[in-house]
Amino acid sequence: MAGYTVIADVGNTLVRLLREHMVPEVILHEDEIGLCSPADKGDFRLGLYLYDIKESEEVFENGMRMAGPNLQKRPSKYLDLYYMLTAYSMSDVKFRSEEEHRILGRAMQVFMDYGLLQENFYGDEQGRYQVKIEQMRLNYDEKMKLWNMPNVPYRLSVYYKVFPIELVSTREKNVQRVMQVDMELVEKERRMGMR
């Protein structure tokens with residue numbers, strides 16, 4: 001599950017988590033929660049937008065690792081995924097803000113309650129690191145820079161970092177085990193100095 005689809009897999013897992021805990025109490029239909037850009041929200045009432053991907057500064061691997069008795073793999077790359085969560089009410093203007101606040105409040109509560117994802121997004125069976133959902137602490141100016149969509153007015157959004165996500169390398173190298181060692185011992189003469 002840590003192949004090239006891992007970024008899409010994480011996004012779909014987050015959407016599924018929101019759907020499981022928000023439908024039908026806060027949002028009536030599952031298909032009203034999904035992955036979308038704020039500039040192209042369609043009929044979504046809650047949109048999750050992947051706005052950045054960075055290499056993790058906290059988790060990294062160096063050097064080749066053994067993947068079998070005669071096989072080495074290049075190290076994986078660990079990623080931090082950055083999401084914007086935005087609510088879109090279709091209510092009358094009198095109730096729109098209140099409904100959007102309710103939707104965002106419940107979505108934030110879901111990510112708080114399920115901040116450690118149970119899915120294994122790692123190439124090996126164990127999953128060395130647990131994937132976390134962490135709310136970002138951004139100031140207003142940072143949010144406005146991220147909301148960089150022409151002709152789309154700013155909407156209240158919440159920002160999250162999901163990490164670490166393993167992207168497994170497909171590069172492998174065949175190696176041979178050391179089967180025999182030849183050693184030769186040479187005795188060196190020692191000279192003792194006289195005082």
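Is Tyr82 buried or exposed? Select Tyr82 in this predicted model. The residue is buried, with a relative accessible area of 9%, because anything under 20% counts as buried.

Keep Tyr82 selected and add Tyr51. The two ring centres are 6.2 Å apart, within the 6.5 Å that a pair requires. Their planes meet at 50°, so the pair is tilted; an angle under 30 degrees would count as stacked and one over 60 as edge-to-face. Now colour the strands. Tyr51 belongs to strand β2 (residues 46-55) and Tyr82 to strand β5 (residues 77-87). The two residues are 31 residues apart, and their pair links distant parts of the chain.

Next, add Tyr159 to the selection. Together with Tyr51 and Tyr82, Tyr159 forms one aromatic cluster.

Stay with Tyr82 and show Lys54. Lys54 lies over the face of the Tyr82 ring, at 5.4 Å from the ring centre.

Then move to Trp147 and Tyr154. What kind of pair do the rings of Trp147 and Tyr154 form? Their centres are 5.3 Å apart and their planes stand at 70°, so this pair is edge-to-face. The partners can also be viewed with the surface shown. Trp147 is buried, at 6% relative accessibility, whereas Tyr154 is partly exposed, with a relative accessible area of 28%.

For the last stop, select Lys161 and Phe163. The charged end of Lys161 sits over the ring of Phe163, 4.4 Å from the ring's centre.

To look further, search for the other aromatic pairs: the count for the model comes to 6, including Tyr51 with Tyr82 and Trp147 with Tyr154.

Definitions and conventions
Residues numbered from 1 in each chain as written. Predicted model: local features only at pLDDT ≥ 70, side-chain atom pairs only at ≥ 80, totals over all residues. Heavy atoms only, no water. Helix = DSSP H or I, 4+ residues; strand = E, 2+ residues; numbered from the N terminus. Buried < 20%, exposed > 50% of the residue type's maximum accessible area, 1.4 Å probe, protein only. Lys NZ or Arg CZ within 6 Å of the ring centre and 35° of its normal.
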